[in-house]
Amino acid sequence: MSRCDHCLASFPDGEAVLERDGEVERRFCCAGCLGVWRLVRDEGLGRFYDERHWDAAGLPPAARPGAAPLTDLSAYRPVVATDGTAEVDVAIEGIRCASCVWLNERVLQRTPGVLAARVNYATHRARIRYAPAAIALPAVLSRVQAAGYTPRPWVESEQATARDEEVRDLLVRVGTAWFLASQLMIYSAALYAGYFQGMDRPTRSLLEWLSIGLAAPVLLFAGAPFWRSTLAGLRHGRFNMDSLVVLGSGAALAYSVWQALRGGEVWSDTAAMIPTLVLTGRYVEARARRTASEAVARLATLRPREALLVTVGEDGAPVRQRVPVEQVKVGDRVEVLPGERIPLDGRVLEGTSEADEALVTGESRPVTKGPGAPVIGGAVNLAGALTIEVTRVGADTLLAGIIRAVEEAQGEKPRLQALADRAVGVFVPAVLLLAVATLAGHLLFGAPPERALLSAIAVVVIACPCALGLATPVAVLLATGLATARGILVKGGDALEAAGRATEVVLDKTGTVTRGRPALRRIVPLRGGDESALLRLAAAVERRSEHHVGRAVVEAARALPAAPEPAVEAFRVVAGRGVAATVGGAPVRIGSAAFLAEEGMVATAAGLALAAAPEAEGDTVAWLAIGGRAEALLVVADPIREEAPRALAALARLGLTVTIVSGDARTTTAAVAARLGVAFEAERTPQQKRTLVAARQAAGARVLVVGDGINDAPALTQADAGVAMGRGTDVTMESADAVLVRDDLSLLPDLILLGRRATGVIRQNVFWAFFYNVVAIPLAVAGALHPIVGAAAMAASSAIVVTNSLRLRRTFTGRRA
């Protein structure tokens with residue numbers, strides 16, 4: 001057999017393709033490998049073969065006749081710069097070592113038309129900059145393929161893919177474990193019956209070996225993550241929950257094999273059920289972790305990929321060109337058309353419009369933008385075109401700061417299992433020492449080696465975390481089921497524990513305490529007109545408007561009796577001011593007092609006095625003028641949820657401190673807080689919200705945050721527990737630990753009450769699990785615990801844990817659903 005000088009594959013001597021290299025004869029498995037070898041040599045890259053560290057089992061695919069064709073080129077997304085160059089990200093399959101990276105970079109960099117190439121060894125991601133006028137993308141990719149590697153389109157969701165693969169892997173392991181364990185229980189039931197009622201030896205031996213055969217793949221295949229974790233922990237001198245799983249189930253399986261060989265009693269069911277139960281909990285945790293991680297990806301989708309850059313041409317005329325946002329620099333001018341997202345932070349140079357910043361700042365009303373006004377990247381331009389001077393780019397933008405804050409806060413989440421793991425860190429070494437001491441003690445006192453070994457193994461097996469593995473999952477399963485039945489989606493045990501331990505509640509205002517939908521509170525006639533007639537006329541005009549005041553007026557008019565709608569002519573919108581039209585030949589204006597003045601209509605002193613009170617409360621007051629005279633005031637407000645006073649009172653009874661923290665104006669937030677009798681913080685940016693939560697946590701508070709907008713995401717993830725309203729944005733619900741699906745704030749006290757009950761039950765379960773060990777281990781040390789009795793005791797401890805968890809079903813007995 002020969003070995004290929006390029007790909008290192010073994011092949012029969014008679015199939016060798018020979019090539020003379022000076023005094024050395026090179027041998028290749030095929031003409032394709034010879035071709036690649038010649039390419040590498042001709043490019044002056046022969047050092048590649050001296051530095052590579054491949055082995056025959058881990059080779060990249062060599063370029064040879066019949067190699068896989070390039071994937072669909074439409075999947076690649078090169079970004080073209082203003083200078084005509086292009087940059088594309090490519091995933092390179094087949095990279096095994098640093099020399100692979102070196103070879104790909106050198107081959108690409110020596111390709112005419114390729115300006116730069118960088119390959120990341122950790123991610124196998126190549127970023128290639130090239131000149132499309134000199135070389136086409138297929139030719140660039142062909143160079144990678146010619147070197148023996150496979151180019152693929154780079155997908156930004158690489159990490160998400162890895163998380164998906166982790167969940168799929170755990171699902172396969174959990175499914176395998178439960179399938180085999182359920183079959184094993186059939187044989188175990190027969191064996192238990194045989195121990196008490198008698199069974200002939202051949203039948204018993206057959207059932208024992210069948211059960212061992214079913215338990216072994218559960219432990220060795222399904223339980224492989226526990227083995228890897230245990231070995232990694234031992235290398236660093238640590239013990240964890242996985243150590244107990246491996247020690248207990250491994251000892252049970254080894255003991256079962258030994259007993260089956262000598263005709264004793266086997267514990268194969270114990271060896272299988274321990275990893276099966278714990279794997280189930282790991283699968284649920286992995287799903288929750290994947291869901292939480294998607295929040296940042298959703299936030300990133302708010303960032304526009306392109307901007308309309310405005311430059312000055314040679315003739316002095318403006319030139320507009322779509323460019324990637326990465327190419328925009330501070331000081332550049334960009335134009336934003338109506339309906340587009342503002343690409344970057346900046347200030348308005350020309351134009352007047354309104355911007356919807358609700359998803360970024362929490363401001364419930366569209367914000368008027370004119371020359372000199374600041375704008376936020378990610379906000380939506382609603383009305384007119386704006387020319388903006390960019391003031392912040394890249395990581396310095398407000399939206400990038402929100403994303404960064406979410407990422408940082410997500411890394412600080414607590415683990416519900418931390419209490420058990422801390423105990424396990426001491427418990428495991430103590431059990432091992434006790435098992436060794438038991439073996440030595442029995443031998444010292446003259447016990448037969450078989451009995452001494454049996455007692456030592458019994459100590460390890462009895463100490464296995466079967467009940468401890470059930471302590472958390474059963475309670476969490478019941479509690480989350482109860483929560484779901486009441487309209488609360490809880491994403492995991494961490495949320496229940498944190499909600500139950502909360503001492504302070506921080507509420508967003510818009511969409512959380514309020515309905516998030518501005519509504520017409522009242523109409524104030526100024527000249528004695530009929531309210532219904534005035535409302536019907538205002539709605540006919542505002543029906544053509546997209547302003548939040550207009551939507552509130554139109555919605556209020558739906559409750560009026562059916563009647564012909566007045567004919568509206570010459571409708572126009574004055575951005576940030578109001579609307580104008582002609583109805584029945586008379587000019588109609590709806591907007592601010594300043595708008596009426598601009599239109600040559602006077603806002604009366606009496607009207608200004610009447611408008612002062614609602615404006616002081618943070619309401620929006622629009623003037624309705626007909627025929628040049630002010631006829632009515634339209635007071636629009638975002639009403640407080642009907643259930644909010646009841647919910648906040650319930651929180652107070654639970655001993656919680658409540659604060660409203662909002663990005664809205666101080667007058668609006670203060671008015672809402674005053675009506676509900678709680679403290680407030682106003683005009684807070686998303687980062688400031690998160691900082692406020694962190695400061696209270698540093699002072700010893702355990703904070704629960706409730707919100708519904710993207711601007712709440714950093715605070716939600718920073719909080720000990722984050723809760724999203726049911727009508728909140730996708731990002732908010734992904735960032736939160738729990739969602740009030742019914743969009744009912746009165747569910748919040750229910751969640752906290754359930755969290756407290758669930759946390760108490762979990763702590764009791766952990767206590768009973770360890771109490772079982774405290775009682776059973778001394779009996780095992782004394783050699784007084786028969787394996788069957790041990791199995792029964794283990795089942796009893798699990799039954800106690802399950803029964804205690806079932807008490808959670810009475811949490812809401814007698815309470816309103």
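**Figure 1. R347 and E389 pair in a salt bridge between two strands.** R347 is partly exposed, with a relative accessible area of 36%. Its partner E389 is partly exposed as well, at 22%. In this predicted model, the two side chains meet at 2.8 Å, N to O. R347 belongs to strand β13 (residues 345-350) and E389 to strand β18 (residues 386-392), so the pair ties together parts that are 42 residues apart in sequence.

**Figure 2. A salt bridge links R127 to D89.** The closest N and O atoms of the pair are 2.8 Å apart. Strand β8 (residues 125-130) holds R127, and strand β6 (residues 86-93) holds D89. The pair therefore ties together parts that are 38 residues apart in sequence. The arginine, R127, is partly exposed, at 29% relative accessibility. The aspartate, D89, has 18% relative accessibility and so counts as buried, because the buried class covers values under 20%.

**Figure 3. R572 of strand β22 bridges to E599 in a loop.** Their side chains form a salt bridge with an N to O distance of 3.0 Å. R572 sits in strand β22 (residues 568-574). E599 sits in the loop between α19 (593-598) and α20 (605-616). The bridge therefore connects parts that are 27 residues apart in sequence. R572 is partly exposed, with a relative accessible area of 36%. E599 is partly exposed too, at 24%.

**Figure 4. R201, R204 and E208 form one salt-bridge network.** Shared partners join these residues. The count of salt bridges in the model comes to 20.

**Figure 5. A nonpolar patch lies on the surface, with helix α26 giving the most to it.** The patch is formed by F767, W768, F771, V774, V775, L779 and I800. Together these residues have about 630 Å² of accessible area. Helix α26 (residues 747-781) contributes 6 residues. One of the patch residues, V774, lies in helix α26. V774 has a relative accessible area of 56% and is exposed. An α-helix has 3.6 residues a turn, so residues three or four places apart point the same way.

**Figure 6. Four arginines form a positive surface patch.** The members are R757, R807, R809 and R810. R810 is found in the segment after α27 (787-806). At 55% relative accessibility, R810 is exposed, because the exposed class starts over 50%.

**Figure 7. Helix α4 carries buried residues and is followed by a glycine with positive phi.** The helix spans residues 137-146. Its buried residues are L137, V140, L141, R143, V144 and Q145. An arginine and a glutamine, R143 and Q145, are thus listed beside L137, V140, L141 and V144. Just after α4, G148 adopts a positive phi of about 100°.

**Figure 8. The whole protein gives the setting for the close-ups.** The predicted model has 27 helices and 31 strands. Of its 817 residues, 50% are buried. The accessible surface comes to about 36300 Å². Carbon and sulfur atoms account for 57% of that surface. Among contacts with a separation of 6 or more, 68% join residues 24 or more positions apart.

How values were computed
Residues numbered from 1 in each chain as written. Predicted model: local features only at pLDDT ≥ 70, side-chain atom pairs only at ≥ 80, totals over all residues. Heavy atoms only, no water. Patch = residues over 30% accessible without salt bridge, like charges linked within 9 Å, V, L, I, M, F, W, Y side chains within 5 Å. Areas by Shrake-Rupley, 256 points an atom, 1.4 Å probe, with all protein chains shown as cover. Lys, Arg positive; Asp, Glu negative; His and termini not counted. Charge placed at Lys NZ, Arg CZ, Asp CG, Glu CD. Helix = DSSP H or I, 4+ residues; strand = E, 2+ residues; numbered from the N terminus. Buried < 20%, exposed > 50% of the residue type's maximum accessible area, 1.4 Å probe, protein only. Contact = heavy atoms within 4.5 Å.
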